[in-house]
Amino acid sequence: MQECRIAARDLACRRGDRLLFAGLSFALQAGQALQLVGSNGIGKSSLIRILAGLMPAYAGTVEVVGALGLVDERPALDPHLPLGQALAFWQRLDGPHDNRAADLGLAELMDVPVRYLSTGQKKRAALARLIGQAAPVWLLDEPLNGLDTRGAALVMDMVAGHCREGGIAVIASHQPFDVADKQQIELKDFVR
Amino acid sequence: MNGQFLALLRRDLAQLFLGGRRGGALLPVLFFLAVAMLYPFAVGPDAPLLGKTGGGMIWVAALLAAILPLDRLIEPDLELGLFDQWALRGISEEWLVSVRVLAHWLSFGPPLMLAALPASALVGIDGEKLRLVEIGLLAGTPGLAALGVMVAAITAGLRGGAALGGLLVIPLAVPLLVFGAGSLATGGESGLALCGAFSLVLLAITPFAAGAAIRAGRS
């Protein structure tokens, strides 16, 4: 796997007039995972978007080495296309990759249009897209939402495997997320 | 780069031609033909009058038809998170917008130019004048496509964005209309060059304006 690390120094995030958190620093090396915990609206998703470079931080710096992969509440798959074709579009952009869709229980769903998939199935599809991207840094925003127990265990295995292979995972979730060698940040400690 | 371009163009074309559930490339063409069909009914069977004003009607109908697909040019992909995923892969918004302008033009420019043939027949335009209408559309529709994508990017995410987009396109398209339709008047052929020039200006600024709008919409 490609070399990767993340360093965040003194991050602050502001939404409208509210300062959500400030003074947040952390560093992750290859093989490490970080879980962001905190109540709804505390800024978990905003922090993920700041790390992804999709939103400017109000203060502080983020340094990311390695390609980023993001899974959030939007699967980014064309709703009217069959799942297989929707995933094939990303495969054309990301390059060929061993197809692990079967591991995610998607093999029978390839002919089903994305809009007919359930929340959990869409989440699995988004994870399949993430695997295909082969990015060393994973940013996962509520990856367990909508997944059943088996699905949740599968995702935790996936993340653990990714970190063993030398990847980094940042997980924003209020649910317990079971991965070895995991740091945890309570965002409420950084609310001013 | 080449494979990426083809993958993006292929998806954009599939979206715009087939349109998913939002009606594809056929809709603007049918709208255009419907206007051309209604016009002789409204004006009456006065052939010289129809021939004289028909070219202008074709231009107005083409402009209005270009507004129809506005709401599905940028907004659905923003909502689905596709633009965020592309940003993570290092694909710039300017590049994406350029590809989309090309796809949007392909999905309505050439079909409209084809539809202009029966439309011209309905109002009794032929020969030299028909040639001018077709060349004018060829010069003007790329500008309309660029304008549509730019306005769609600026109004994406706004409440009532689709209606607002239509209202924004109309005044900005006035130069295209003036020079394009003006080329049909006697001695107005130089309007074609100005129409083409205005198209090129729009094509040049759209990727940057629309790209900046998409980025600004994120924060």
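Axes are lines fitted to C-alpha atoms, for helices over the stretch in contact, and angles run from 0 to 180 degrees between N-to-C directions. Helices (H or I, at least four residues) and strands (E, at least two) are DSSP runs, numbered from the N terminus.

This is a predicted model, in which local features need pLDDT of at least 70 and side-chain atom pairs count only at pLDDT 80 or more, while totals for chains, interfaces and linings use all residues. Residues are numbered from 1 along each chain as its sequence is written, and chains are lettered from A and ligands numbered from 1 in the order in which they are written.

**Exercise 1. Describe how H1(B) and H6(B) cross.**

Step 1. The axes of H1(B) and helix H6 (residues 93-122) of chain B come within 9 Å and cross at roughly 45 degrees.

Step 2. Angles under 35 degrees count as roughly parallel, over 145 as roughly antiparallel, 65 to 115 as roughly perpendicular and the rest as oblique. H1(B) and H6(B) are therefore oblique to each other.

Step 3. A crossing is left-handed if the near helix is turned anticlockwise from the far one by less than a right angle, and right-handed if clockwise. H1(B) passes H6(B) in a right-handed crossing.

Step 4. Two residues are in contact if their C-beta atoms, placed from the backbone, lie within 7 Å. H1(B) meets H6(B) through residues including Phe5(B), Leu9(B) and Asp12(B), and H6(B) answers with residues including Leu96(B), Arg100(B) and His104(B).

Step 5. Ala, Val, Leu, Ile, Met, Phe, Trp, Tyr, Cys and Pro count as nonpolar, Asp, Glu, Lys and Arg as charged, and the others, Gly among them, as polar. The contact of H1(B) with H6(B) has 11 nonpolar, 2 polar and 2 charged residues.

**Exercise 2. Do the same for H2(B) and H3(B).**

Step 1. Helix H2 (residues 26-43) and helix H3 (residues 47-67) of chain B have axes that come within 9 Å and cross at roughly 150 degrees. That angle makes H2(B) roughly antiparallel to H3(B).

Step 2. The crossing of H2(B) and H3(B) is right-handed.

Step 3. Among the residues that make the contact are Phe31(B), Val35(B) and Tyr39(B) of H2(B), and Leu50(B), Ile58(B) and Ala62(B) of H3(B). By class, the contact of H2(B) with H3(B) has 16 nonpolar, no polar and no charged residues.

**Exercise 3. Work out the strand order and edges of the parallel sheet in chain A.**

Step 1. Two strands pair if DSSP finds at least two bridges between them. In chain A, 5 strands form an open sheet with parallel pairing, in the order E5-E6-E7-E3-E8.

Step 2. Strand E5 (68-71) and strand E8 (182-186) of chain A each have a single partner strand, so one side of each is left without a neighbour in the sheet. From one strand to the next, the twist averages 15 degrees.

Step 3. Strand E3 (residues 33-37) and strand E7 (residues 168-172) of chain A pair in the parallel sense over 4 bridges. Leu36(A) has Ala172(A) as its bridge partner in E7(A).

Step 4. Helix H3 (residues 119-133) of chain A lies across E5 and E6 of chain A, at about 175 degrees to E5(A).

**Exercise 4. Repeat this for the antiparallel sheet of chain A.**

Step 1. Here 3 strands form an open sheet in the order E2-E1-E4 (chain A). Strand E2 (18-29) and strand E4 (59-65) of chain A stand at the edges.

Step 2. Strand E1 (residues 5-15) of chain A and E4(A) pair in the antiparallel sense over 6 bridges. The bridge partner of Arg5(A) in E4(A) is Val65(A).

Step 3. H1(A) packs on this sheet, touching E1, E2 and E4 of chain A, and its direction makes about 130 degrees with that of E1(A).

**Exercise 5. Characterise the side of chain B that touches chain A.**

Step 1. In contact are 16 residues of chain B and 14 residues of chain A.

Step 2. H5(B) gives the most to this side of chain B, with 5 residues.

Step 3. The residues of this side divide into 5 nonpolar, 6 polar and 5 charged.
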